[in-house]
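Hi,

Here is the structure I promised to pass on. Have a look at it first, and then read my notes underneath.

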Amino acid sequence: MGFKAVILAAGKGTRFKSELPKVLHKVLGKPMLWYVIKAAKEAGAEDVIVVVGHKKELVEEFLKGEYPDVKTVYQEEQLGTGHAVMCGAELLKGYSGKVVVLNGDAPLIRAEDIRAIAQTPGDMVVLTAETDEPTGYGRVVRDGDEVLYIVEEKDATEEEKRIKEVNSGVYAFDCEKLLSTLSLLSNDNAQGEYYLPDLLKIFKEKGYKVVAVKSRDFDSLRGVNNRCELSVVEGILRDRIVRELQLSGVTVHQPQTVYIEPEVKVGRDTEIFGPVYLRGKTEIGEGCYVGPYCDIGDSKIGEGVKVESHCWLRGALLEDGSSVGPFAKLRPGTVLKRGARVGTFVETKNALLEEGAKANHLTYLGDCRVGRETNIGAGTITCNYDGFNKWFTDIGERVFVGSNTLFIAPVKVGDGAITAAGSVITSDVPENALAVARSKQVNYPGKAEVIREKARKKKEGRS
Ligand code: UD1
Ligand code: CA
């Protein structure tokens, strides 16, 4: 049974003290609103309508990028959650199924909870939960099993404030009954707003069927009204993600110190040491090792790859059995083929290291190819930028690059060649050639003793 989802996201989020609308504040790298829409879609929403208002251009821009099929309606003035739904009425007219209303500031909502209320028979089904910290939430007032009404914190009596069952702000409505009663809401309350939960009482008066479904997990209903709550919610989501990984066969050490975004994938028997940041669409294969203090974003890592501590990766592709670090910086366009290795204090960008190629220490490889089994000596630099343009360095296979070689791109080094340490390579090196491009050494016999003698006399003359 399908339903339409209406997500309320027009509020400013005054308590965030921010230029950014509240629902765009991020939890593990994704705006809160991203999670709510994802859950609604997972639960089977056939249509998602987002009510936008404060800084709507920013919210719409985000939606266009991540959820282009989502519709928006504009709430010019934020007159309350009931008023926000009225703004969506236009797009709901003529629909006779269920409408699920969700808050854009409750990112931990689970698809299963949404599905549960959408499938529960009733004209208004409200999702609630028990908590020992109900402050700030609307309280669910019951008489035995029967729900009587929902009262907002600011309108509640002392007795009502002691109630521990709270309103999640998630409801499933019969669409026709919702549309025909919205106009009956009043704003005669402490905040002068049209409260959506007031519909509960109105539905009851009309004789419509009202049901409250209690979730067993208050955490997944948490609303975020300030940055303290944002970090609490982020911690809960982190724990969820880590637990899921652990149960799927990933070992996570120091789990309280890892930061893993929701789209990251990690294979079985991979071992991760916190603190670590895994971001974006990063994928890590089976049997890998990721040491502490790494920050890996939008990278693809094969099987049996070792990423030692303190590595920074963005947009890198590491094939099976390759290894990196410690202390390496791999920028976009870096490709390490099977068994290739990038070591300590090496930076790469748009660099292809073919199978078994190695750059073990202190090197910059940018805009280049390094052929199979080639060894890059310490201190090697591809000088890819002449101040105006970027140029390519092509190094063949089985090349031995002596320490401190500079490649002034564009330049090509043939297979099996050797460059002498300290060489500045400005023109192509043929296959199997030895290239020496440094000034010749001259030895002056006995000259060292002469210099020392001179220095000694100078010092004596001064004292
Ligand atoms: C709301 C509920 C409360 C519930 C809590 C759960 C009401 C009156 N109260 O309170 O019972 O316990 O959620 O988290 O509904 N919004 C609009 N337009 C508006 C006002 C709000 O789009 O005119 C949006 C906000 O951007 C936000 C959501 O609706 O995403 C909830 O609004 P908020 O002001 O945070 O409501 P709460 O006080 O948290
Ligand atoms: Ca809220």
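Let me start with a small puzzle: with which side chain does the side chain of N384 make a polar contact at 3.5 Å? The partner is Y364. Before going on, please keep in mind that this is a predicted model.

N384 has another partner too: a polar contact of 2.7 Å joins its side chain to that of D367. You'll find N384 in the loop that runs between β30 (381-383) and β31 (393-395). Although it sits in a loop, N384 counts as buried, because its relative accessibility is 7% and the cut-off for buried is under 20%.

Now to the ligands, beginning with ligand 1. The space it takes is the largest pocket. There are 22 residues around ligand 1, and those that come nearest are Q75, G80, T81, E152 and N167. If you want to trace the shell by elements, try β1 (3-9), α3 (81-92) and β10 (165-174), each of which supplies at least two residues of it.

A few polar atoms of the protein are worth picking out here. A polar backbone atom of G11 is 2.8 Å from an oxygen atom of ligand 1, and for a polar backbone atom of L79 the distance to a ligand 1 oxygen is 3.3 Å. E152 takes part through its side chain, where an N or O atom is 2.8 Å from an oxygen atom of ligand 1. As for how much of the ligand is covered, ligand 1 exposes 760 Å² when taken alone, and the protein buries 91% of that.

Ligand 2 is a calcium ion, and what coordinates it? D105 (OD) and N225 (OD1) do, at 2.4 to 2.6 Å. These two come from distant parts of the chain, 120 residues apart. D105 belongs to the loop between β6 (98-103) and α4 (111-119), while N225 belongs to the loop between β11 (210-214) and α8 (227-247). D105 has 12% relative accessibility, so it counts as buried.

One last residue to look at is K22, in the loop between β1 and β2 (26-27). Is K22 buried or exposed? It is buried, because its relative accessible area is 12%, below the 20% cut-off. A polar atom of the K22 side chain lies 3.2 Å from the backbone oxygen of V224.

That's what I have for now. Enjoy exploring!

Methods: Residues numbered from 1 in each chain as written. Chains lettered and ligands numbered in written order. Predicted model: local features only at pLDDT ≥ 70, side-chain atom pairs only at ≥ 80, totals over all residues. Heavy atoms only, no water. Donors = N, O, S within 2.8 Å, 3.2 Å for Na, K, Ca; no water. Helix = DSSP H or I, 4+ residues; strand = E, 2+ residues; numbered from the N terminus. Buried < 20%, exposed > 50% of the residue type's maximum accessible area, 1.4 Å probe, protein only. Near = heavy atom within 4 Å. Polar contact = N/O pair within 3.5 Å; in protein donor to acceptor, adjacent residues only side chain to side chain. Areas by Shrake-Rupley, 256 points an atom, 1.4 Å probe, with all protein chains shown as cover. 1 Å grid on protein atoms, 1.4 Å probe; cavity = no way out; pocket = protein on both sides within 12 Å on 5 of 7 lines; lining within 4 Å. Sits in = over half its atoms within 2 Å of the grid points.
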